[in-house]
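The following note is offered to a colleague who is meeting this structure for the first time. It is confined to the contact between two chains.

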Amino acid sequence: MKYEAVIGMEVHVELNTQSKVFCGCSTKFDAPANTNVCPICLGMPGVLPVINKRAVELSVAVGIALNCTISRWSKMDRKNYFYPDLAKNYQISQYDLPLCANGCLEIQVNGSTKRIGITRAHLEEDTARNTHTIGGGDSGVDFNRCGVPLLEIVTEPDIRSAEEAYAYLTSLKQILRYLDVSDCNMEEGSLRAEANISIRPVGSKEFGSKTEVKNVASFSGVQKAIDFEIARQQQVIEGGGQVVQETRGWDADKGITFSQRAKESAHDYRYFPEPDLVPLVVDEAWEAQIAATLPELPRARKARFVSQYQLSEYDSGVLTAERPMADYYETTVQCGVPAKPAANWIMGDLQALLTEHKLEIGACKVTPENLASMIALIEDGTISGKIAKDLLPELFATGKSAKALVEEKGLVQISDTSELEAVAREIIASNPGPVADFRGGKEKALGFLVGQMMKATKGKANPQMANDIIRKELAKTE
Amino acid sequence: MAKITKADVEYVAGLAQLTLDEATKERLVGEMGDILGYMDKLNELDTTGIEPTMHVLEMTNVFREDEVTPSLPRDAALMNAPKTDGEYFLVPRILDTE
């Protein structure tokens, strides 16, 4: 029998506000344990939470970007459970009236577009962090993270493969980063992805029992965990067994999922309206105001790069993957240099330097203006592309301007005909072997002779002129 | 009439992590049954065309601006903890990770 996978994703993303969602404590990530806490996030009796306006605005921005309907009227609810990650024994979340609902996100897999439905995106508070390395039979609880605004984004069960799940996560993260609502750092836990996975015979309308895979540290881990789960569930079913509905963890070293806890009964969270927080009303005017702050989103920007700059789909995709990179590229081009060379330099040599030094484009010492002036120097023949290749690492290291460095190092290309003719004559005189080869019909020998000219001029000879001139000189002295 | 059984009372008590003696359970079967009975009474009202009350407060949109205010000093935060190492609240070791 052939099976198909039915997958839904839940992504929790910490919104990058300065202060927590219901109190003024800092959201800073690496503060010493329990130093960003107050009576509200510690759940002391009698305190009153007040919602952070920015957290609501960021949530709505995400909702708009994911084509959701923004609730005109929504409210916060209490989700009740006992666990040592919340002191008050309930999490303030949203139940039946989330801020954002019924959206979609289009992903590209193998060149075709697929629409993934977004069921909802709701605002809640993050929980405290538990640490199990304390020893002595204890676990430690750090409430710094408790109360950091968290947006939970839930998809419809529209995903059919691990590959689609990966594409969804990548695409979602790209949008969240473009919106600058979160740094989406999985290592620091500011983005967490869980997959609900079941399989069913192809053509069946019913859903099989699902497992929930959580605590996966990377998107590629999620992809591998889903592939593993699909194969595991198929094996269980084909062996005559039944898939147990449960939470499973992912062991990245062994490449397997493992049972964490069976859900004996569905959790009964006894949601009820949070009486300490008043309802939220996002009217059309406020929604429009937030919508107006949205940047051009990645897919639109990529399409525009193709049409406006005549770049390939691939180049446009690379340049628009992250907003700072796309901004960098556009600033460079706006300095008046041609689009294609600018793309090549950024995606090639500059990206290689960034990768080598583990830097983000934002921390790059070569400003777009400076890169543009270097490209302009190549375009107008002042320096050769070869020289520029040697120059860029220096610009990168020092942040000096291309013009200043070219002058300082005397790298201006030699385009003076008589000077190059003199060099050519010298090279011909001192390389009788290759000269004879060339005259004997070996075209290849010319490359060697041009190379010698470049060497003699320390790379400063205009390569095209060097080529033409040595040909002429070779013809003359024959 | 809504019926509350002893099993319902035990289930709810379990969710709330309460241990009840037999007499209390019996009393709650009656009291909770009365409450649900009253709900049934309310359900007799014709509410056609009446907007559901989703929240008891009529006020909306009370916000704070996104500004950091001082937190508690750590020793004050940990002062009432049943167990602490001076940095963390300590709880009996948690096995599964939520």
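The numbered points below concern the interface of chain A and chain B in this predicted model.

1. Extent of the interface. On the side of chain A, 59 residues are in contact with chain B, where 36 residues take part. The size of an interface is often expressed as the accessible area that is lost when the parts come together. Here the area buried between chain A and chain B is about 4300 Å². Carbon and sulfur atoms give 58% of that area.

2. Polar and charged links. Between chain A and chain B, 22 residue pairs are in polar contact, both residues being at pLDDT 80 or more. The rule finds 1 salt bridge across this interface. It joins the side chains of D138(A) and K83(B), with a distance of 2.8 Å from N to O.

3. Elements of chain A that take part. Several elements of chain A each supply at least two residues to the side that touches chain B. Among them are the helix α1 (53-65) and the strands β9 (129-135), β10 (138-142) and β15 (256-262). The most is given by β10(A), with 5 residues.

4. Composition of that side. By class, the side of chain A that touches chain B has 29 nonpolar residues, together with 17 polar and 13 charged ones.

5. Strand pairing between the chains. Which strand of chain B pairs with β10(A)? The partner is β2(B), residues 89-92, and the two strands run in the antiparallel sense over 4 bridges. Within this pairing, V141(A) stands opposite F89(B).

Methods:
Residues numbered from 1 in each chain as written. Chains lettered and ligands numbered in written order. Predicted model: local features only at pLDDT ≥ 70, side-chain atom pairs only at ≥ 80, totals over all residues. Heavy atoms only, no water. Contact = heavy atoms within 4.5 Å. Buried area = accessible area lost by both parts, 1.4 Å probe. Salt bridge = Lys/Arg side-chain N within 4 Å of Asp/Glu carboxyl O. Polar contact = N/O pair within 3.5 Å; in protein donor to acceptor, adjacent residues only side chain to side chain. Nonpolar A, V, L, I, M, F, W, Y, C, P; charged D, E, K, R; others polar. Pairing = 2+ DSSP bridges.
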